[in-house]
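Welcome! Take a moment to look over the structure below, and then let's walk through one of its helices together.

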Amino acid sequence: MNKHWFMVIIAAVFEVLWVIGLKHASGVLEWIGTIIAIVVSFYLMIRAGRYIPVGTVYAVFVGLGTAGTFFSEILFFEQPFVLNKFLLVALLLAGVIGLKLVTKSHEAEGAEQ
């Protein structure tokens, strides 16, 4: 895995943080943390999009963020585990892994080297 894919993964982690922040932030510091997470998340995603096809970056970013948010709600906010949701998230992750496997980082036309 090259550093550009690593940037997408880190961007997705920050996506999970800002999504949680949008739902649960109540104080100034929490909102500042949420805004910082949004900026870092989108910055990393945009940077990765220079080297990896943008459609793939966005699909992986959203897929990982969705899966991370699903599991975070179960682990940290005591949401019930719903098998149907889990199966759909697993299907989504299978698609994300498939996109990763069929996409080469240097295929993007006009990408900076």
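Let's start with length: at 1.5 Å a residue, the 21 residues of α2 should span 30 Å, and the end C-alpha atoms of α2 are indeed 30 Å apart, which agrees. Keep in mind as you read that this is a predicted model.

**The buried face of α2**
- Which residues of α2 are buried? They are T34, A37, S41, L44, M45 and A48.
- Looking down the axis of α2, you would find these buried residues within an arc of 105°, so they line one face of the helix.
- A general rule helps here: an α-helix has 3.6 residues a turn, so residues three or four places apart point the same way.
- The cover over the buried residues of α2 includes α1 (3–24) and α3 (54–76).

**A closer look at S41**
- S41 sits in helix α2, and it counts as buried because its relative accessibility is 0%, under the 20% cut-off.
- Leaving aside residues up to four places away in sequence, S41 touches A11, F14, E15, W18 and F61.

**The other side of α2**
- Here V28, L29, V39 and I46 are exposed.
- On the surface, V28, L29, I32 and I36 form a nonpolar patch, and together they have about 430 Å² of accessible area.
- Is I36, a residue of helix α2 (residues 28–48), buried, partly exposed or exposed? I36 has a relative accessible area of 47%, so it is partly exposed; exposed would need over 50%.

Definitions and conventions: Residues numbered from 1 in each chain as written. Predicted model: local features only at pLDDT ≥ 70, side-chain atom pairs only at ≥ 80, totals over all residues. Heavy atoms only, no water. Patch = residues over 30% accessible without salt bridge, like charges linked within 9 Å, V, L, I, M, F, W, Y side chains within 5 Å. Areas by Shrake-Rupley, 256 points an atom, 1.4 Å probe, with all protein chains shown as cover. Salt bridge = Lys/Arg side-chain N within 4 Å of Asp/Glu carboxyl O. Buried < 20%, exposed > 50% of the residue type's maximum accessible area, 1.4 Å probe, protein only. Helix = DSSP H or I, 4+ residues; strand = E, 2+ residues; numbered from the N terminus. Expected span 1.5 Å × (residues − 1). Arc of directions from axis to C-beta. Contact = heavy atoms within 4.5 Å.
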